[in-house]
Amino acid sequence: LGNFEKIFSCDNNQPAIIAGTSGGVRMVVTNFDFNHSEWPYKVTDYIILMNNLMTYSIPDVLPFRIPS
């Protein structure tokens, strides 16, 4: 897998979701189409997964500040 780490695997230990860096860019790669899976029907799990994948792969552009 190189610079990638297995995040989720199938029954036969094949990676279904991997994450890592390539050329200094963070990436998340899936070997399936979310539109053709049951993930979107598991609303809570899907929202948490998408949030985590987006948080990982999109860098912070602006620092987070708590409004005073």
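Which strands does helix α1 (residues 43–57) lie across? Hold that thought while you set up the view. This is a predicted model, where local features need pLDDT of at least 70, side-chain atom pairs count only at pLDDT 80 or more, and totals for chains, interfaces and linings use all residues. Residues are numbered from 1 along each chain as its sequence is written, and side-chain values use heavy atoms, with hydrogens and water left out.

**Stop 1: the whole chain**

Put the protein chain in cartoon and you'll find one helix and three strands. Helices here are DSSP runs of H or I with at least four residues, and strands are runs of E with at least two, numbered from the N terminus. Going along the sequence, the pattern reads β-β-β-α.

Switch on the surface next. The accessible surface of the protein chain is about 5800 Å², with 56% of it belonging to carbon and sulfur atoms; the areas come from the Shrake-Rupley method with a 1.4 Å probe, and for residues only the protein chains shown count as cover. Out of 68 residues, 15% count as buried, where buried means under 20% relative accessible area, exposed over 50%, and partly exposed in between (1.4 Å probe, protein chains only).

**Stop 2: the sheet**

Now select the three strands. They make an open sheet in the order β1-β2-β3, with antiparallel pairing. β1 (4–9) and β3 (25–30) are the edge strands, each pairing on one side only. From one strand to the next, the twist averages 15 degrees. Two strands pair, by the rule used here, if DSSP finds at least two bridges between them.

Zoom in on β1 and β2 (residues 15–22), which pair over five bridges in the antiparallel sense. Show Phe4 and you'll see Gly20 of β2 opposite. Then try Phe8, whose bridge partner in β2 is Ile17. The two strands form a hairpin with five residues between them, and Asn13 in the turn has a positive phi of about 65 degrees.

Slide across to β2 and β3, an antiparallel pair with six bridges. Pick Ile18 to find it opposite Val29 in β3, then Ala19, which stands opposite Val28 in β3. This hairpin has two residues between the strands, and Gly23 takes a positive phi near 65 degrees there.

**Stop 3: the helix**

Back to the opening question: α1 lies across β2 and β3, and runs at about 150 degrees to β3. For that angle, axes are lines fitted to C-alpha atoms (for helices over the stretch in contact), and angles run from 0 to 180 degrees between N-to-C directions.

Select Leu49, a residue of helix α1. Leu49 counts as buried because its relative accessibility is 14%. Which residues does Leu49 touch, leaving aside its neighbours within four places in sequence? Show Ile17, Phe34 and Trp39 as sticks: those are its contacts, a contact being heavy atoms within 4.5 Å. Leu49 and Trp39 are 10 residues apart along the chain, with 9.2 Å between their C-alpha atoms.

**Stop 4: Phe34 in the loop**

Follow that contact to Phe34, in the loop between β3 and α1. Is Phe34 buried or exposed? It counts as buried, because its relative accessibility is 14%. Setting aside neighbours within four places in sequence, Phe34 is in contact with Trp39, Pro40, Tyr46, Leu49 and Met50. Draw a C-alpha to C-alpha distance from Phe34 to Tyr46 and you get 9.7 Å, for residues 12 apart in sequence.

**Stop 5: a charge over a ring**

Last, select Arg26 and Tyr56. Arg26 lies over the face of Tyr56, 5.0 Å from the ring centre. A charge sits over a ring if NZ of Lys or CZ of Arg is within 6 Å of the ring centre and within 35 degrees of the ring normal.
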